[in-house]
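Student: I'd like a close look at one part of this model, starting from a single residue and working outwards to what surrounds it. Could you take me through it step by step?

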Amino acid sequence: MRNNLPLILGVSGASGLIYAVRAVKYLLEADYEIELVASKSTYMVWQAEQNIRMPVEPLQQEQFWRQQARVESLGKLRCYPWGDVGANIASGSFRTLGMIVMPCSMSTVAKLANGLSSDLLERAADVQLKEGRKLIVVPRETPFSLIHLRNLTTLAEAGARIVPAIPAWYHNPKTVEDLVDFVVARTLDQLDIDCIPLERWQGR
């Protein structure tokens, strides 16, 4: 029987919002409860990548993410304004399965590595670290500078798991979604969540 605690999904202003969309899709289809917070920059990325305006109002934003994921009613999804630092996910007393930041910008990585909490996403991630809970960061950048690498190392030393958005090919991907799903599946593996049909490596 799976754990019924909610999972926090942070979406920062990095390219690759499809990773977050596919995570929402599979988690909702598996009847998970998602607490989603998108950073201020995410609104601009939606506009730049898809020419779509993401709503600001939480209930409208919930419907937006459900529409993008094509999951209208399954699971539970709650969205938060990026500036609502008084939300429940900003407190260590709010119990969770952990938190995923996907995609994660290098700006967000730098703030998390240095303990800065200027918005709800950063505060929620900082809480996971201080409470000793699981924080999974999916950086979407290339190449990494030395500063990026040092910040990622700092996060790893603090207990975060780093899962770069790097797909594999041994599962014979046929579509872009197949490549994305591999990364999402390996990310969810860090929380012992197995809800994505993935052909795993079986050896030779």
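Tutor: Happy to. One term before we start: the helices and strands named here are DSSP runs, with at least four residues for a helix (H or I) and at least two for a strand (E), numbered from the N terminus. Please also keep in mind that this is a predicted model.

Our starting point is H171, which sits in the loop between β6 (161-162) and α7 (176-189). Is H171 buried or exposed? Its relative accessibility is 10%, and buried means under 20% relative accessible area, so H171 counts as buried. Leaving aside residues up to four places away in sequence, H171 touches D178, F182, L198 and E199. With D178 there is a polar contact too: the side chain of H171 reaches the backbone oxygen of D178 at 3.4 Å.

F182 leads us on to the aromatic rings. There are 4 aromatic pairs in the structure. In one of them, F64 and W65, the ring centres are 6.0 Å apart and the planes stand at 85 degrees, so this pair is edge-to-face. F64 and W65 are both buried. Y170 and F182 also form an edge-to-face pair, with 5.8 Å from centre to centre and 85 degrees between the planes. That pair links distant parts of the chain, since Y170 is in the loop between β6 and α7 while F182, 12 residues apart from it, is in helix α7. The two partners differ in accessibility: Y170 is partly exposed, with a relative accessible area of 37%, whereas F182 counts as buried at 6% relative accessibility. As for W65 and F64, ring pairs join them with W46 into a cluster.

Staying with helix α7, we find D181 there. D181 has a relative accessibility of 8% and counts as buried. Setting aside residues up to four places away in sequence, D181 touches R22, Y26 and I196. Y26 has a further neighbour to look at: K25 lies over the face of its ring, 5.3 Å from the ring centre.

Now let's go back to the other end of the loop, where β6 takes us into the sheet. The sheet is open and consists of 6 strands with parallel pairing, in the order β3-β2-β1-β4-β5-β6. β6 and β3 (76-80) stand at its edges with a single partner strand each, so one side of each has no neighbour in the sheet. At the β3 edge, strand β2 (residues 33-38) pairs with β3 in the parallel sense over 5 bridges, and E33 stands opposite K76 in β3. Helix α5 (residues 120-130) packs on the sheet and touches β1, β2, β3, β4 and β5; the direction of α5 makes about 135 degrees with that of β4.

From the β6 edge we can work inwards. β5 and β6 pair in the parallel sense over 2 bridges, and I136 has R161 in β6 as its bridge partner. β5 itself is mostly covered, with 5 of its 5 residues buried. In a regular strand, side chains alternate between the two faces of the sheet. Both faces of β5 are covered: L135, V137 and P139 are buried on one side, and I136 and V138 on the other.

The next strand in is β4. Strand β5 (residues 135-139) and β4 run parallel and are joined by 4 bridges. Along this pairing, M99 stands opposite L135 and V101 stands opposite V137. On the β1 side, strand β1 (residues 7-11) and β4 pair in the parallel sense over 4 bridges, with L7 opposite G98 in β4. Why can β4 be called largely enclosed? In strand β4 (residues 98-104), 7 of the 7 residues are buried, so the rest of the structure largely encloses it.

To retrace the route: we began at buried H171, followed its contact with F182 into the ring pair with Y170, and then passed from the β6 edge through β5 to β4.

Conventions
Residues numbered from 1 in each chain as written. Predicted model: local features only at pLDDT ≥ 70, side-chain atom pairs only at ≥ 80, totals over all residues. Heavy atoms only, no water. Buried < 20%, exposed > 50% of the residue type's maximum accessible area, 1.4 Å probe, protein only. Pairing = 2+ DSSP bridges. Polar contact = N/O pair within 3.5 Å; in protein donor to acceptor, adjacent residues only side chain to side chain. Contact = heavy atoms within 4.5 Å. Axes fitted to C-alpha atoms, helices over the stretch in contact; angles between N-to-C directions. Phe/Tyr/Trp six-rings, centres within 6.5 Å; stacked < 30°, edge-to-face > 60°. Lys NZ or Arg CZ within 6 Å of the ring centre and 35° of its normal.
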